[in-house]
Amino acid sequence: MTNAIKRSHDLVILNKTSKEKFKKFLLSLGNKTQNTFNHFGEINTITVTSIAVKEFTRNDKEKFFGFIDGELTVYGFLTRFDKITKKHNCTLGIVVSDTWQKKGLGHKMCQHMIDFAWKHGFTKIWLAVYSDNKIGINLYKSLGFQIEGIFINDEKFNTQNRHVISMARFKNENDYDTKRLDMWKKLNLDL
Ligand SMILES: CC(C)(COP(=O)(O)OP(=O)(O)OC[C@H]1O[C@@H](n2cnc3c(N)ncnc32)[C@H](O)[C@@H]1OP(=O)(O)O)[C@@H](O)C(=O)NCCC(=O)NCCS
């Protein structure tokens with residue numbers, strides 16, 4: 001077992017941190033990370049304070065701050081929907097700091113958030129991931145997320161179109177792939 005993998009077991013997950021630690025964490029995210037996680041738009045020294053203030057005042061989100069030896073290394077969140085018919089559902093977001101990626105922290109944090117969601121009455125977790133984010137897609141698949149849809153040319157980065165994959169994890173662990181394919185065929189026939 002490498003030192004890094006051993007250390008990942010020491011991830012401490014809290015529901016709060018200081019604004020300063022959060023800002024430092026956000027500013028540490030490099031271009032590659034921001035290219036796959038752009039939930040906050042561009043993070044830089046000008047935008048970081050308003051991003052942190054806004055995030056800390058949001059009460060539609062459960063926030064999860066992951067620390068290794070006191071250093072904030074992972075931020076994850078579950079966002080509730082306002083719509084009364086979607087109260088069983090929430091969206092998941094996660095970002096691991098550049099130097100701590102691919103050491104098992106994303107998996108650990110996501111599993112923690114999934115357990116939290118089931119404990120707090122949710123029965124479905126939904127997320128969106130760019131089709132070119134192999135690590136993200138592998139992570140979610142390994143946690144039991146299913147592909148729900150593919151949104152072609154959904155976003156544009158300068159001139160480059162990117163496709164968005166929607167994925168979901170169900171508390172009942174049912175695999176809905178066959179149902180989806182049947183519905184897809186039927187919808188195409190009926191139109
Ligand atoms: C995507 C992200 C959250 C994954 O977290 P992580 O800590 O780096 O990933 P982990 O070490 O926990 O690995 C999780 C899975 O990714 C996959 N993975 C790890 N390294 C990989 C690699 N080099 N290539 C492909 N897949 C890889 C494995 O399937 C692994 O599954 P396992 O846990 O069953 O072994 C993290 O890399 C990150 O923050 N990236 C930038 C921001 C981002 O993409 N956020 C998600 C937006 S939807």
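**Notebook: fold, ligand shell and core of a predicted model**

I began with confidence, and I noted that the protein chain averages a pLDDT of 94, with 95% of the residues scoring at least 70. The model is predicted, and I kept that in mind for every entry below. I then looked for the weak stretch and found that pLDDT stays under 50 over residues 1-8, for which the model has nine contacts beyond four places in sequence. I wrote a caution beside that entry, because predicted coordinates should not be read in detail where pLDDT is low.

**Overall fold**

I looked up the secondary structure and found seven helices and seven strands in the protein chain. Reading along the sequence, I wrote down the pattern as α-β-α-α-α-β-β-β-α-β-α-β-β-α. The radius of gyration is 18 Å, close to the 16 Å that the globule rule gives for 191 residues, so I recorded the chain as being as compact as a globular protein of that length. For the outer dimensions, I noted that the C-alpha atoms fill a box of roughly 55 × 40 × 40 Å along the principal axes. I also looked at how contacts are spread over the sequence: among those with a separation of 6 or more, 62% join residues 24 or more positions apart. Of the 191 residues, 20% count as buried.

**Around the ligand**

Which residues come nearest to the ligand? I found 21 residues around the ligand, and Thr36, Gly106, His107, Asn138 and Ser142 are the ones that come nearest. I then traced where the shell comes from, and the elements that give two or more residues to it are helix 3 (31-36), strand 4 (89-96), helix 5 (105-119) and helix 6 (134-142). Helix 6 supplies the largest share, six residues. By residue class, I listed the shell as eight nonpolar, ten polar and three charged.

**The nonpolar core**

I turned next to the largest nonpolar core, which has 30 residues, and I noted that Met109 and Met113 touch the most other members. The elements giving two or more residues to this core are helix 2 (19-28), strand 2 (61-68), strand 3 (71-80), strand 4, helix 5, strand 5 (124-130) and strand 7. As background I wrote that nonpolar side chains tend to be buried together in soluble globular proteins.

Leaving out residues up to four places away in sequence, I found that Met109 touches Ile13, Phe64, Gly66, Val74, Gly76 and Ile94. I followed one of these partners, Gly66, which has its place in strand 2. Is Gly66 buried or exposed? Gly66 has 26 other C-beta atoms within 10 Å, so I entered it as buried. Its contacts beyond four places in sequence are Leu11, Ile13, Thr73, Val74, Leu105 and Met109. I also checked a separation across the model, and Gly66 and Phe122, which are 56 residues apart in sequence, lie 22 Å apart from C-alpha to C-alpha.

**Arg169 and Lys108**

I looked up Arg169 and found it in strand 7, which spans residues 160-170. It has 21 C-beta neighbours inside 10 Å and therefore counts as buried, the cut-off being 20 or more. Apart from residues up to four places away in sequence, Arg169 touches Ile114, Ile125, Leu143, Gly144 and Phe145. I also noted that the C-alpha atoms of Arg169 and His39 are separated by 20 Å, with their positions 130 residues apart along the chain.

For another charged residue, I went to Lys108, which lies in helix 5. Lys108 counts as partly exposed because it has 17 C-beta neighbours inside 10 Å. From C-alpha to C-alpha, Lys108 and Leu143 are 10.0 Å apart in space, while they are 35 residues apart in sequence.

**Backbone angles in two loops**

I kept in mind that most residues other than glycine have a negative phi. Lys102 is not a glycine, yet I found for it a positive phi of about 60 degrees. It lies in the loop between strand 4 and helix 5, and with 10 C-beta neighbours inside 10 Å Lys102 counts as exposed.

I recorded Asn158 as well, since this residue has a positive phi of about 55 degrees although it is not a glycine. Asn158 is found in the loop between strand 6 (146-157) and strand 7. I entered Asn158 as exposed, because 4 other C-beta atoms lie within 10 Å of its own.

How values were computed:
Residues are numbered from 1 along each chain as its sequence is written. This is a predicted model: local features need pLDDT of at least 70, side-chain atom pairs count only at pLDDT 80 or more; totals for chains, interfaces and linings use all residues. A residue is near a molecule or strand if its C-beta atom, placed from the backbone, lies within 6 Å of it. Helices (H or I, at least four residues) and strands (E, at least two) are DSSP runs, numbered from the N terminus. Ala, Val, Leu, Ile, Met, Phe, Trp, Tyr, Cys and Pro count as nonpolar, Asp, Glu, Lys and Arg as charged, and the others, Gly among them, as polar. pLDDT is the predictor's confidence in each residue, from 0 to 100. Two residues are in contact if their C-beta atoms, placed from the backbone, lie within 7 Å. A residue is buried if 20 or more other C-beta atoms lie within 10 Å of its own, exposed if 12 or fewer, and partly exposed in between; C-beta atoms are placed from the backbone. A nonpolar core is a set of buried Ala, Val, Leu, Ile, Met, Phe, Trp, Tyr and Cys residues joined through C-beta atoms within 7 Å. The radius of gyration is taken over C-alpha atoms; the globule rule is 2.2 Å times the number of residues to the power 0.38.
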